[in-house]
Amino acid sequence: MSLSIRRWLEHGLVMVIGLLLAWPVAVSFSVPALLLQGPCALVLSRFRRHPWSASLLHLVALPLLWVALMLEITPEWYLALAVLTFAISGNAWRERVPLFLSTKATLSQLQHIVPEKARLLDLGCGTGTVLFGLARLRPDLVLTGVENSMIPYLIARIRACFVRNVQVKFANLWQTSLQEADIVYCYLSPEPMPKVWQQFCQQAPAHGQLISNTFTIPGQPAQQSFPINDRIGSCLYVWQKPKDRA
Ligand SMILES: C[S@@+](CC[C@H](N)C(=O)[O-])C[C@H]1O[C@@H](n2cnc3c(N)ncnc32)[C@H](O)[C@@H]1O
């Protein structure tokens, strides 16, 4: 069974077991079971060491579902919401890479790592935080981003109309050539990193560098790392293209 199906099942079970635990107490004290299910699911979720965001979602999921049912919202709205969510962060589902953005502190550090006049490619550029932040801090750079989620792409594309040295393409990063990139930047998730390394080794020029925000490559220690003092504990990792792959 795939990891993501197992995770979905586990979250489903936390909700159901939360309800089963809440039921006897709710019946004994004549309290709505829905009110107790959230705290029970929260405790179970903490016990399973889920991220806090998931645990808090367990706290409110069933009551929210109940409110939504009570409001009798027409199904078209749910469909519209699903389409909008997909257009913003479809890659959370497709690639296990949600949309979150590099912090200002990361950009402040990144500007000192990137060599002069480098061509930088941001794999999965989101709304263009890195591209436009660097364009301002380092006007000497040539910056390109690829993105295949519609709404972040459109935002980055519109922003690019006003900045000379930034180009944004609607493309899948796996179908993007790295041959022209002196620096490949990415901020993705642990999941795609082994494949990113493979692509980098196969396609980047001999002098190419890979900079990953936060996520490392299993079995490939970075040559340099720059811990960032921001609220999410970012760290920039830098790899040179291996000589035997040049
Ligand atoms: C965590 S965000 C990082 C955004 C930006 N690079 C930054 O640092 O602020 C990762 C982005 O990669 C995009 N992405 C994930 N997989 C992709 C793929 N196969 N092709 C293109 N973009 C992808 C996601 O849609 C998301 O916008």
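Which residues make the nonpolar surface patch of about 890 Å²? The close-ups below begin with that patch. This is a predicted model: local features need pLDDT of at least 70, side-chain atom pairs count only at pLDDT 80 or more, and totals for chains, interfaces and linings use all residues. Residues are numbered from 1 along each chain as its sequence is written, and side-chain values use heavy atoms, with hydrogens and water left out.

**View 1. A nonpolar patch on the surface.** Trp 66, Val 67, Leu 69, Met 70, Leu 71, Ile 73, Trp 77 and Tyr 78 make the patch. Helix H3 (52-71) and helix H4 (75-89) each give two or more residues to it. H3 gives the most, with five residues. Met 70 lies in H3. Helices (H or I, at least four residues) and strands (E, at least two) are DSSP runs, numbered from the N terminus. Patch residues have over 30% relative accessible area and no salt bridge; nonpolar side chains (Val, Leu, Ile, Met, Phe, Trp, Tyr) are joined within 5 Å, like charges within 9 Å. A salt bridge is a side-chain nitrogen of Lys or Arg within 4 Å of a carboxyl oxygen of Asp or Glu. Accessible areas come from the Shrake-Rupley method with a 1.4 Å probe; for residues, only the protein chains shown count as cover.

**View 2. Strand E5 and its neighbours.** Five of the five residues of E5 (residues 209-213) are buried (under 20% relative accessible area; exposed is over 50%, partly exposed in between). The strand is therefore largely enclosed by the rest of the structure. Gln 209, Ile 211 and Asn 213 point one way, Leu 210 and Ser 212 the other. Four bridges join E5 to strand E4 (residues 183-186), and the two run parallel. Five bridges join E5 to strand E7 (residues 235-240), and these run antiparallel. Two strands pair if DSSP finds at least two bridges between them. Find Ser 212: Cys 186 stands opposite in E4, and Tyr 237 is its bridge partner in E7.

**View 3. Cysteines without a disulfide.** A disulfide is a covalent bond between the sulfur atoms of two cysteines. The search counts a pair of cysteine sulfur atoms within 2.5 Å. Across the whole structure it finds zero. Why does Cys 235 have no bond to Cys 186? Their sulfurs are 13 Å apart, too far for a bond, and Cys 186 holds the closest cysteine sulfur. Cys 235 is buried, at 11% relative accessibility. Cys 40 is partly exposed, at 21%.

Methods:
Buried means under 20% relative accessible area, exposed over 50%, partly exposed in between (1.4 Å probe, protein chains only).
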